[in-house]
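Here is a brisk report on one protein model. It moves from the overall layout to the core, the last helix and the surface.

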Amino acid sequence: MSRAGKAVRVSLWGGLGLLVLAVAALLWFGVWHYPALGLAGIPKDDPGRAMDLAVRGMTAADGLAFEDWDFRKFRAVARGGEAYAWGAARCRAADGSTAFYWVYLEWSKKRGQWLRNYSLELAAPDDEIYFTRTFPGQFGRAGLALGKLLGQLASHVREAWAWARNPQGLQTPGL
């Protein structure tokens with residue numbers, strides 16, 4: 001085998017190894033690290049505190065200022081030990097408009113703490129494009145959806161970085 005062929009093969013294997021490590025790191029972050037970020041030590045019977053902490057970090061990462069809750073709900077399941085908390089947070093955008101953020105947490109019996117399950121800005125300005133019949137087309141919509149997912153991942157990373165720099169900053173009550 002030639003030297004150039006061997007170098008190309010080693011480079012391909014190295015690139016594949018880096019790709020596998022990157023995917024593994026993203027999976028670890030999205031499945032294990034981010035959902036629990038800052039919520040350790042909050043008891044199961046205090047979902048309000050967990051919701052407040054989670055919403056402040058998430059909205060700040062998206063450039064929104066949390067104002068108050070429009071509604072919050074909590075439900076503990078009778079058997080099994082699970083509990084769920086969800087609600088809509090009213091926020092102020094940078095341009096002064098009102099935005100709403102959906103927050104959904106669940107109690108992990110396995111980890112013994114609250115975890116972020118699913119949260120996002122409701123009716124974000126770029127959501128309207130999904131309801132336009134002919135533009136951007138099916139592949140364009142798929143690209144927009146992928147961009148939205150990557151944007152949400154970027155928001156989670158920004159929140160994790162902010163929390164790592166100042167873990168107590170997210171726990172400060174008030175705006």
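Helices (H or I, at least four residues) and strands (E, at least two) are DSSP runs, numbered from the N terminus. On that basis the protein reads α-α-β-β-β-β-α along the sequence. It has 3 helices and 4 strands.

This is a predicted model: local features need pLDDT of at least 70, side-chain atom pairs count only at pLDDT 80 or more, and totals for chains, interfaces and linings use all residues. Residues are numbered from 1 along each chain as its sequence is written, and side-chain values use heavy atoms, with hydrogens and water left out.

**Overall figures**

Buried means under 20% relative accessible area, exposed over 50%, and partly exposed in between (1.4 Å probe, protein chains only). Of the 175 residues in the protein, 27% are buried. A contact is a pair of heavy atoms within 4.5 Å. Among contacts with a separation of 6 or more, 49% join residues 24 or more positions apart. The protein exposes about 11300 Å², and carbon and sulfur atoms supply 63% of that area (Shrake-Rupley method, 1.4 Å probe).

**The core**

A nonpolar core is a set of buried Ala, Val, Leu, Ile, Met, Phe, Trp, Tyr and Cys residues joined through side-chain atoms within 4.5 Å. The largest one has 26 residues. Leu39, Trp69, Ala89, Tyr101, Val103, Leu105 and Trp114 touch the most other members. Five elements each supply at least two residues of this core:

| Element | Residues |
|---|---|
| Helix H1 | 3-36 |
| Helix H2 | 47-61 |
| Strand S1 | 65-76 |
| Strand S2 | 83-92 |
| Strand S3 | 98-108 |

H2 gives the most, with 6 residues. Leaving out residues up to four places away in sequence, Val103 touches nine residues, including Met51, Val55, Met58 and Trp69.

**Helix H3**

The end C-alpha atoms of H3 are 41 Å apart. This agrees with the 40 Å expected for its 28 residues (1.5 Å times one less than the number of residues). Its buried residues are Arg141, Ser155, His156, Glu159 and Ala160. Their cover includes H1, H2 and strand S4 (113-122).

Glu159 lies in this helix, which runs over residues 138-165. Glu159 counts as buried because its relative accessible area is 1%. Beyond residues up to four places away in sequence, Glu159 touches Tyr34, Leu37, Ala54, Gly57, Met58, Ala61 and Arg116.

**The surface**

Trp32 belongs to helix H1. Its relative accessibility is 43%, so Trp32 counts as partly exposed.
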